[in-house]
Amino acid sequence: MEINLKDLTIKKAHKLLIEHEIKVKDLVDAYLLEVGKKNKELNAYLEIYNNLTEQIEKAQSLIDEGRATELTGIPMAIKDNILYKGHIASASSKILENYVATYDSFVIEKLKDEGVIFLGRTNMDEFAMGSSTETSAFGVTKNPHDTSRVPGGSSGGSASALASDMALIALGTETCGSVRQPASFCGLVGLKPSYGAVSRSGIIAMGSSLDQVGPMAKTVEDVEIIFKVISKYDPKDSTSIPEEKRDLEKKPLKKKIGIPREFLEGGGIDKAVLDNFEETCQKLKSLDYELVDISLPILKYSLAVYYIIMPAEVSSNLARYDGIRYGFSAEADNLFDVYARSRALGFGKEARRRILLGTYVLSHGYYDAYYNTALRVRKMIKDEIEKVFSMIDVFITPTVPFLPFKLGEKMGDPVSMYLCDIFSAPANLANIPAITIPSGWTKEGLPFGVQITAPFLREDILFTIGKDIESLQ
Amino acid sequence: MDIIEIKKLANLSRIDIKDDEVEAMARDFDSILAYVDQIKEVSSNFEEKNKTEDNYNQLFLYNVVRLDEAKNQKNSQTGDILKNAPQTEDGFIKVKQIL
């Protein structure tokens, strides 16, 4: 039986599997065929896992025994910074090139229980530091919609794999837009959950007060299915939210969406992106949503705050790569030189830059001016956003201010690359959830995306309104 | 940002950085710091708004701690972990002599 991968969703695949129209192996083989055809050009996967037969057998027996859930047998791509026991997880860095995970991350554990098929690990910006998947130590990944353009980043491999039908669903991670931005650049749905909703246990850390794992898929419903499985309390993550604190009182929707006008005006948005955004907002009115301008002048400082807090956390988190316990180790005469040489040769340019920047903002004499000030402004951003949610359900912005750019276009200018994340930063800084939804295509076939942001732990609102936005297409 | 300062940061970060990269990094730092400096415009508002409120203390992050208990069986993971170490000896990770 020919499987139509383009239109396949979790529910459609599940139906085919439990009605025995197809076997798990047929589904996996259909995706592997695409991998064989496309991965060489796109470089989305760094590795296809060597235990697929075993995984397929386990999933098939769950189905045959009538114990399947919606995710059983569904092929998924995994970002290279998510630990899967017995397999390499390199964060696309030379320093972890041969690092084999000694335990399963929480998300892998949960998805394994469902019988998900982990197809392989996907390319990313080194240590998730980038917005184009060009800082990987293992080559750039290309956008399947135009291979002269970037897929976004840092979860660009996962996005590229999904958009080219090399997987049905994928996991990415975010510190600031790394799920949403590549999802938008590849015409997909991508979710950044509330901080603490999904455990960070077994995720290679970048900015620990900002990091979250996020699902990516072609539809909001698929993202919702994955989210529900991975969004559980985990005692191994001290910031994981206990189950009893997750059940918030769910008031009915106001059907009111806020547009933070000043923020948009300062965002340097391309005309085509702005036009698509306004058009989407207009269409939402036809679904009885009221769109109101809101004032959140503080948001324009988000990215600046992020570029202080994130490097500070990076410099601390990446201190563990010392060439001693695991990872790349350079030969040297003394211990200091083992550290300094291993780190010089093992880390790429962007990682080195961020470590030094973090060391600077945390150093004596600058700590108060940068790090402490950034913490204060972060708190102000959080408070102001919280206030505005008393009037609206969500606020809406474009996901990225511009369309997917050419490979190499922004690599020489870090600040222009950082500006990709301008609309992403508020959700990560304020610990709240946000989702990107495809909102149309250019004449040349490049995707547009819009982003909605909801109050803490209100992913349910994102799914409801997200499905409405999806229905406009 | 001057070159001496970058070299000092590289030393603190335990990263050998070549001279040509030091110069490029100094330039990148100037543009990044010029961008992030804008937060200083608003932080004074924070002081006014928050100095009397309790939530001022909330920003100062706190550590979440637990008892340091060994929950895994002895040696159950030692082999896997040692496999990732560049140099080992007799079930230990080997380091350069420091004294």
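**Close-up views of chains A and B**

**View 1. Helices α12(A) and α1(B) are roughly perpendicular to each other.** The cut-off for that term is 65 to 115 degrees; under 35 counts as roughly parallel, over 145 as roughly antiparallel, and the rest as oblique. The model is predicted: local features need pLDDT of at least 70 and side-chain atom pairs pLDDT 80 or more, while totals for chains, interfaces and linings use all residues. Residues are numbered from 1 along each chain as its sequence is written, with chains lettered from A and ligands numbered from 1 in the order in which they are written. Helix α12 of chain A covers residues 349-361, and helix α1 of chain B covers residues 3-12. Their packing angle is about 100°, and their axes lie 9 Å apart. (Axes are lines fitted to C-alpha atoms, for helices over the stretch in contact; angles run from 0 to 180 degrees between N-to-C directions.) From α12(A), the contact takes L356(A), T359(A) and Y360(A). From α1(B), it takes I6(B), L9(B), A10(B) and L12(B). (Contact: C-beta atoms, placed from the backbone, within 7 Å.) By class, 6 residues of this contact between α12(A) and α1(B) are nonpolar, 1 is polar and none is charged. (Nonpolar: Ala, Val, Leu, Ile, Met, Phe, Trp, Tyr, Cys and Pro; charged: Asp, Glu, Lys and Arg; polar: the others, Gly among them.)

**View 2. Helix α10(A) crosses α2(B) at roughly 125°.** Helix α10 of chain A spans residues 302-317, and its axis comes within 8 Å of that of α2(B). The angle makes α10(A) oblique to α2(B). A304(A), Y307(A) and I308(A) make the contact from α10(A). I32(B), Y35(B) and V36(B) make it from α2(B). The contact of α10(A) with α2(B) holds 6 nonpolar residues, no polar and no charged ones.

**View 3. The contact between the chains takes 36 residues from chain B and 41 from chain A.** On the side of chain B that touches chain A, four helices of chain B each supply at least two residues: α1, α2 (19-36), α3 (40-50) and α4 (78-83). (Helices are DSSP runs of H or I, at least four residues, and strands runs of E, at least two, numbered from the N terminus.) The largest share of that side, 7 residues, comes from α2(B). The residues of the side of chain B that touches chain A divide into 22 nonpolar, 7 polar and 7 charged.

**View 4. An open sheet of 11 strands with mixed pairing lies in chain A.** The strand order is β1-β3-β2-β4-β6-β5-β10-β11-β9-β7-β8. (Two strands pair if DSSP finds at least two bridges between them.) At the edges stand β1 (45-48) and β8 (290-294) of chain A; each has a single partner strand, so one side of each is left without a neighbour in the sheet. Neighbouring strands of this sheet are turned by 30° against each other on average, direction ignored. β1(A) runs antiparallel to β3 (residues 117-122) of chain A, joined by 3 bridges. I48(A) stands opposite G120(A) in β3(A).

**View 5. Domains 1 and 2 of chain A meet.** Domain 1 covers 10-245 and domain 2 covers 305-361. (The bounds come from an automatic or database domain assignment.) The centres of the two domains, taken over C-alpha atoms, are 26 Å apart. 20 residues of domain 1 are in contact with 17 residues of domain 2. The side of domain 1 of chain A that touches domain 2 has 10 nonpolar, 7 polar and 3 charged residues.

**View 6. Two loops of chain A hold backbone exceptions at S154(A) and S92(A).** Most residues other than glycine have a negative phi, and most peptide bonds are trans. A cis peptide bond joins G153(A) and S154(A), with omega about 10°. S154(A) sits in the loop between β3 and α5 (156-163) of chain A. S92(A), which is not glycine, has a positive phi near 50°. Its loop runs between β2 (75-79) and α4 (106-114) of chain A.

Conventions:
Two residues are in contact if their C-beta atoms, placed from the backbone, lie within 7 Å.
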